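Notebook open, coffee poured. I want to jot down what I looked up in this one, entry by entry.

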Amino acid sequence: MKKTKFIVSITLITVMLMSIIFIDSIDAQNLYWGSRGSEVSEVQRKLKQWGYYTGGIDGVYGAKTYQAIIRFQRKNGLKVDGIVGNQTKRAMGLPTTTTQKAGVFDRIVQIAQQKLKQWGYYDGAVDGIYGSRTYDAVTSFQRKNGLRVDGIIGSETRRALGISENIVSAAYSSTNRGVSRSGDVQLLAMAVHGEARGEPYVGQVAVAAVILNRVKHPSFPNTIAGVIYQPRAFTAVDDGQIYLTPNDSAYRAARDALNGWDPTGGAIYYWNPATATSKWIWTRKPILRIGKHVFAK
Amino acid sequence: MKKRLWILLSIALLGMGIWGFDQYRKNMQYHLYLENQFQRMFYDLLVDIENVQVNLAKLMVSGTPKQNVMTFSEIRSLCYDAQEKLSQLPIDHTNVSKTQKFLSQVGDYSMALSRKNLEGKPLSTEEMKTLQELHRYSNILSQQLISLQKEMAQNGIKIGELVQKGNKRLRKANQNMLTTNFLNVEEKMQKYPKLIYDGPFSEHIEQQKTNLQGKNITSQQAQKIAASFLEDQKYRAEEIGEIQNNRIPGYLIALNPVQDRERNHSEISMAVSKKGGKIIWMLNNREIGKAKISEEQGIEIAKKFLKKKGYPNMLPTYFEKNDGQLLINFAYQEDGIIIYTDLIKVKVGLDKGDIVGFEAAGYLHNHRARNLDLPKISEEEAQKRINVFAEPSKPRLAIIPTEGGKEVLCYEFKVQFGQDIFLVYIDANSGEEQKILQVLIQGEGILVI
């Protein structure tokens, strides 16, 4: 009994393997949920034969097919993604993507050569001709990246190289909408208004410039918010005056400072000589005085 | 009658007691909340610095550039994080400025060395020695923090309490424990080696000599130069201060139109360099009315102005519009090469078409006669370095500054990806991808990040 079962399965396998050899007209493409066509039927037939699939062979990639493929991939140690790519096809014994033949000019080869050159695998000419050096580069790339080492720039290798057809995906949205400097301007204007309202305009620009000089200085935090909110750095922050609504002048001063106007020529401290209590502050080298503030390095 | 008063009083007292207790409870809650934040900062800081030390030690035994780069990037992010945490603790800046600087520089130095490793250059003996020194200092730093942590745990002291003055319990222990510990570190940090490398926090940046040449001028001469800078009307200039102890010393000058004598509230201020008598910057704070001229006209006005002021070879590189003012960046151009370091910014009021802002510190500091060499690699070769799916335009040659203030000759490509535009800079001698900037076109103008 056992023996017959064994023989039956062996013959099945042989028949199947032989049938594969004759099926060479399959268009090699990745199959996903929702794919239709003869290729899907082929996969379903395969999976049914091997006991992974129980549904009908209808050529439609649906839930049952998906589950069957997942199970098949898991059993065979493949990447479990439900996508019938070259790896899965190879494991099923189905033919894979049509491949390049040596010596034929190809745009794909050219792109691959450029990529391989940028990443240090290839040092020949980027000419789109698949020669022996390109072969060496492709195989060493495949070896490094854990791909099947066959020298073929198939879809797996292409994906690993990052040169699949549509690299700009629909999900890539324009950065324009996601970036603005208004946050910086707002915060800086708040600090200027809290610290230097009533000062001459240049004095306001100077206060903003000191904050920006601190951002660039190694002894201070590296962001505008970090510098402004550093404990005990600015009185307006400690007593809450920073939360007053800034006026136009503060905004303009903030913008001028962000655009590079620095009346202090590199100051990182300022104080009001009438109210400053720290003795230490007088050890700094004063650069200039504007309004009530002394600016220093 | 008396009884009623007593009852009323006791009710009031009770009410006040309840209110007071509620206030006290809330106060304690806020204190606790703040204390929790401080404790977290402190422990994060400690762990970060311990890990910086471990990673610096790992560099001594790592053999491949790849491992080095990984370790360096870890050190960098740890340093950055530690610095962030340190700057959020309630300690006076003066007591931690050296420690902060140390952390910035170690992070920055790691970045520079990792770049060097990526270019295939191994670490030199000096660099290895410097790293060992830095390891020693990070060791000192973490030892101090560990002992501070132990002291605090033993005495049950909270960080929030350390900043409150006059706390009786603290007076007994050590009022300024936190500060003292950090001052100890600061003292030891005085001697750590000067780091000179290609990075923004390198020691040499501060000491860079300016390229501005010329004779020293007097205040009177400066006022004369200032008064004739703007030509839309006659101005009288007045010195209101001196600028010293910085890169370009100068005179601070206020301008007032000659016609209105009584006005003493000046809208125009500027700085004139002592050396050479050049205008360093000028700002006009007048109210700007409705825009009457176009951006193109504004750029034309700015160009003409620069030519007249002795800056003929300036190329507008980008502009931005705000509050009716047009800001234009100009870069110096020589033999078809754009030199971005020699930068002048001009603001034009779009209502009257006059100059309302001028800034030439970059130009004055950097400009000099350069020996412009021919690029070693060709345009085509440079183009091959660009990502295959980005569509580059025809490149132009440009000199851009590195983070450490060096100048590199590059091919500048405008590259499109999806809807986004980038500027990609390929080193014209080594072919390395030097820098990528993203160009954002928004309502106000063009932003380059």
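Entry 1, chain A contacts. I counted contacts in chain A with a separation of 6 or more, and 50% of them join residues 24 or more positions apart. Note to self: this is a predicted model.

Entry 2, chain A make-up. I get twelve helices and three strands for chain A. Chain A has 297 residues, and 45% of them count as buried. I also looked up the surface: chain A exposes about 15,500 Å², with carbon and sulfur atoms supplying 56% of that area.

Entry 3, cavities. How many cavities of 30 Å³ or more does a search of the whole structure find? I found one. For the largest cavity I have about 90 Å³ of space.

Entry 4, the lining. Which residues line the largest cavity? From chain A I noted A:Arg252, A:Arg255, A:Asp256 and A:Asn259. From chain B the lining includes B:Glu320, B:Asn322, B:Asp323, B:Gln325 and B:Lys347, and B:Leu326 and B:Leu327 are there as well. I then checked the elements: helix H12 (248–258) of chain A supplies at least two lining residues, and so does each of strand E5 (314–322) and strand E6 (325–334) of chain B.

Entry 5, a patch on chain B. I came across a nonpolar surface patch of about 370 Å², made by B:Leu5, B:Trp6 and B:Leu9. I followed up on B:Leu9, which sits in helix H1 (residues 2–61) of chain B. B:Leu9 has 48% relative accessibility, so I put it down as partly exposed; the exposed class needs over 50%.

Definitions and conventions. Residues numbered from 1 in each chain as written. Chains lettered and ligands numbered in written order. Predicted model: local features only at pLDDT ≥ 70, side-chain atom pairs only at ≥ 80, totals over all residues. Heavy atoms only, no water. Patch = residues over 30% accessible without salt bridge, like charges linked within 9 Å, V, L, I, M, F, W, Y side chains within 5 Å. Areas by Shrake-Rupley, 256 points an atom, 1.4 Å probe, with all protein chains shown as cover. Salt bridge = Lys/Arg side-chain N within 4 Å of Asp/Glu carboxyl O. Helix = DSSP H or I, 4+ residues; strand = E, 2+ residues; numbered from the N terminus. Buried < 20%, exposed > 50% of the residue type's maximum accessible area, 1.4 Å probe, protein only. Contact = heavy atoms within 4.5 Å. 1 Å grid on protein atoms, 1.4 Å probe; cavity = no way out; pocket = protein on both sides within 12 Å on 5 of 7 lines; lining within 4 Å. Points joined across faces, edges and corners; volume = space filled by probe spheres on them.
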